[in-house]
Amino acid sequence: MNRHSSSTLRRGGVGKGEGAAPPTLPKQFTELSQVLEGRVPLGAMINMIGMVKDCRLPVPTNGTDFKSTLTLFDLSTQESGGDITFSIFRPEHLMPEVSARDVVVIFQAKVQRYSNNPISLITNRATKIHVYTADKIPRFPKSALPALVLDKNTGRSFLEDDHHRYVSYFYQGIDKEEAPDQEEFQKRAMVSLNVKDKFSLLKDIEEGKFYNLIVRVAREPFDLMDKMTLYVSDYTENDAFFNVQWNGLSNLPGLHGNSADDPYGYGAEAEPSPGKSQWVGPYGKQAMQLTCWPPHTDFIRTDVSAGDWIYLRNVQIRRGHDGQYLEGFLREDRDATTKINVDIMNALDRDNMDPRLKEAIRRWRDYEKKKHKQEKAVVSEIKAAQVAGAKRRGEDVDEVKAAQLAGAKRRGEDVSEVDQPKMNAKKRRKAQRAAREKEVQEKRLKEEAEIELNGQIACEEQSKPPSTIESMLEMPTYRITVDGLPVDAVVPFSCSKFRGRVRVVDFHPRNLKDFARRRFTSQWDVLSDQSENDESSDDEESLMERGYKPVWEWRFALELQDALPRKGSDGEKPKSLWVIVDNSEGQYLTGLDACDLSEDADALNELRDRMFTLWGNLEEKNSKDAKRKTPPPNKSTNGARGKSTLPQLERPPLDSSDNEHGDDNDRGVPREGGNGAEAVPEEALSNRPFDCCIKSYGLPSKALKNNKNLPTGNPEKDWIRTFALFGTKIRSG
C-alpha cells in the first residue's frame, strides 16, 4: 500500500464498509512528492496522476505551438500543500480542456528545472494527457471510465481498468479543498490571458521603456559588490550602443609571432590565454551594457558566465551616466522583492526551445561565419604580403612559406591557412601516391561488410492492421478536382505510418562497428538549417578549438521483406524496402547508448547479442555468402565476364524499391554448370518475422537544395521518398 493510503482512509474518503480494498498507485507511475524532493533525476520521463489546482489558458508562442500551464497536486503532496506546474506546448486545437478538480493522467512528462525556478514538468513529442471530468467520476470502487476524455493528440488510450478504478479512489480520497471552486478557477484562468508581451530585440528598444530580452553574455560579469555590470547581445545592431572595437591582428589565428624577426613563430604562445575579461560577443554596435542590483546580483554572481544565453524580464532602458549610449538597468521588483528576473536558457534542447532563442542563435551563427571568413581573408592577405616582401628583398620565397608552415604546425594551427611551398617532381609524385593509397584504404574500409538481425520484438502500433511491403511501396496519390472532375494525382511522397510484419534480409553499414557514427556538435545544431557540411573543410583539431564537441549517434538502416514473401507473376524477386534507424529510434530499439564501437569491445558484443535477437543468423549468413560468392579467377579474356560485379553500396537507397541488388547473377554468383567451381548451396536465413512500425516521409533532393529550396517544376526530382523505423523495441532478457 502507498504511504498515503492509511491517511486517506482516516479522513473517511474510502471506507472499509464499501467492500473494496484501497488500490495502490499503478505500476510505472510516480508520486509527485518524489519529484519535488529531488528523488527523480532531471530529464527523466515519468507517468503521474494528479488533480488540477490551477490553469493558465493557452497563449500563442513565437512558433506554431501554444503554451498552457497546469498546476497539479496528488495524495502524496496534499498534506504539505505542495504542487507542481506542468507546461504544455501544443497546437491550440490539441490542448486538453480542464476544469477545477479534474483528474489528469499523464504519460511521459519530462522533469525539468528551468533556470533558478522550482522543479516542474514539461511536454515532449511522446507525452499523452488524459482527463477525467470531475463531476462524472463515480464513487470507488466503480470505474471512472465514463468520465474519461482521451488525449486529443492521439485519440488512443493506454489505460486499463486498474487505472480507471484508481482514479475513482484518488478522487474520492483526496482533499479537494486544496483546489478552488469552479467560479474562482474560471476567474483565475481568464486573468491568465491578460499578459502583455514586453519582449523586444535590442535593435528596437527605446529610451524610457521596460523590456524583456533574450541575450548572450558577451563578457564575464564585473562585480562591483553592491551591483554587477555585464555586456549582453542578441546579435542585432543599435546605433545608440557603444562601438566595441576589434583588437586587431593580435587575436587572429595563424599570425602569432609571424614577424620578419620571428617567421617560425618560436616567440609566440601556442594559443592566447583567455582571461576573465576576454570578449566573446560581437564587435561593433551590437552589445549593450547592463547594470544589475540585488536580488538579481546573487544569482548572476554564482550562475551566469560569459557565453550563457539568459532571459531578462523588466529591464529599464535609458542613457548611461555620460548621456551618450543606451544602457540597461535591472532593479528590484516592487511587487515581488525576492523575485529574480534573470533566467539561464537551455541552448541545447531543440524540442523545447523558445523560437526567439533559436532565431538569436541563428543570428549568432551567421555572425561567427562572417567573422571567421573575414579573419581568414586577412590572414591570407598578410601572409601574401610577407611573401611579396621576401621577393622584393631577394629572399627565397619557398623558405618563407616553409617557415610559415612550420610555425603553424608547431603551434597546432590550421595549416590550410598557410600557402604551401612548391614541391619538386619527386615530392609531388610521393604526395600523389600517398593520396591514392589513402583513398584506396578508405574505400576498402567502407566496403567491409558484416551483418545481424531478429527475435522478441515489441511494436507500439499494434492497433493498426499489418501492411505488406508492396502496399507501402505503392506511389501515393492525392485526389484533386480538374474541370469539375475528380482526378487522382501521383505525389512524390506521403507522410504515413504502417505496421509491417517482416523479417530482416540485410542491413547497412555492413560492419556493426559502424552502426554508431561520430559527429561534431556545436551551439548552432539547434538550427534547422545548420548543415554537417558547414565545417567539413576544417580539420578535427580546428573544430574542437572552436568549441565543437564529438558525440556518437546511432545511424544505420535495415532492409525488410514480408514475413511470407511472394514472387511476382513474372517471377521477379519478392519486394523489399530499406528503413532508416536514427539515433533516438536506435536507442529505443537496442536499449543502448551509442559509443565508439571500434574501441569498446563490451558494447560491441552487447549490440551483437541484441541484434541477434532481431535477425537471427543473418550476420553469419552474409559473412559466409560473401566468401562463397567470391568468383574464381577467370582465364577468359571476354571483358566483363572476368570481373566481379558484387555491388558495394555507399548507403542504402532512400527511395526503397524491390530490386536494389538485382538477381543473384548480377551479384556475381556462379551458376551451377558454368565456368569455375560448382556452386555451393547457400546457407538458409534463419530468423523469425516480427511486427514493427514504419513511417514514410520525403527528403529534399540535391536538385531542390541547389535551387535554394525552390521547386524545380518536377516534384519527383525535388523529393526523395524515404522510410524509417520507429516505435520498435528489442525486449531484453
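This is a short talk on the cores, the cysteines and one helix of the structure above. Keep in mind that the model is predicted.

Let's start inside. The largest nonpolar core has 35 residues. Which residues have the most contacts inside it? They are Phe515, Trp554, Leu558 and Trp615. Several elements give two or more residues to this core. Among them are the helices α9 (469–473) and α12 (601–615). Strands do so too, including β19 (496–508), β22 (556–562) and β24 (690–700). The largest share comes from α12, with 6 residues. Apart from this core lies another, of 26 residues. Val52, Val98, Val111 and Val131 are among its members. Here is the general background: in soluble globular proteins, nonpolar side chains tend to be buried together.

Now the cysteines. How many disulfides does a search of the whole structure find? The count is 0. Take cysteine 459. Its closest cysteine sulfur belongs to cysteine 693, 3.0 Å away. The cut-off for a disulfide is 2.5 Å. So that pair is too far apart for a bond. Cysteine 459 is buried, at 9% relative accessible area. Cysteine 292 also counts as buried, because its relative accessibility is 0%.

Last, helix α3, residues 161–173. Is α3 mostly covered or mostly open? Mostly covered: 10 of its 13 residues are buried. His163, His164, Tyr166 and Phe170 are among the buried ones. Then there is its length. At 1.5 Å a residue, the 13 residues should span 18 Å. The end C-alpha atoms of α3 are 18 Å apart, so the two values agree.

That's the tour. Thank you.

Terms used. Residues numbered from 1 in each chain as written. Predicted model: local features only at pLDDT ≥ 70, side-chain atom pairs only at ≥ 80, totals over all residues. Heavy atoms only, no water. Core = buried A, V, L, I, M, F, W, Y, C linked by side-chain atoms within 4.5 Å. Buried < 20%, exposed > 50% of the residue type's maximum accessible area, 1.4 Å probe, protein only. Helix = DSSP H or I, 4+ residues; strand = E, 2+ residues; numbered from the N terminus. Expected span 1.5 Å × (residues − 1).
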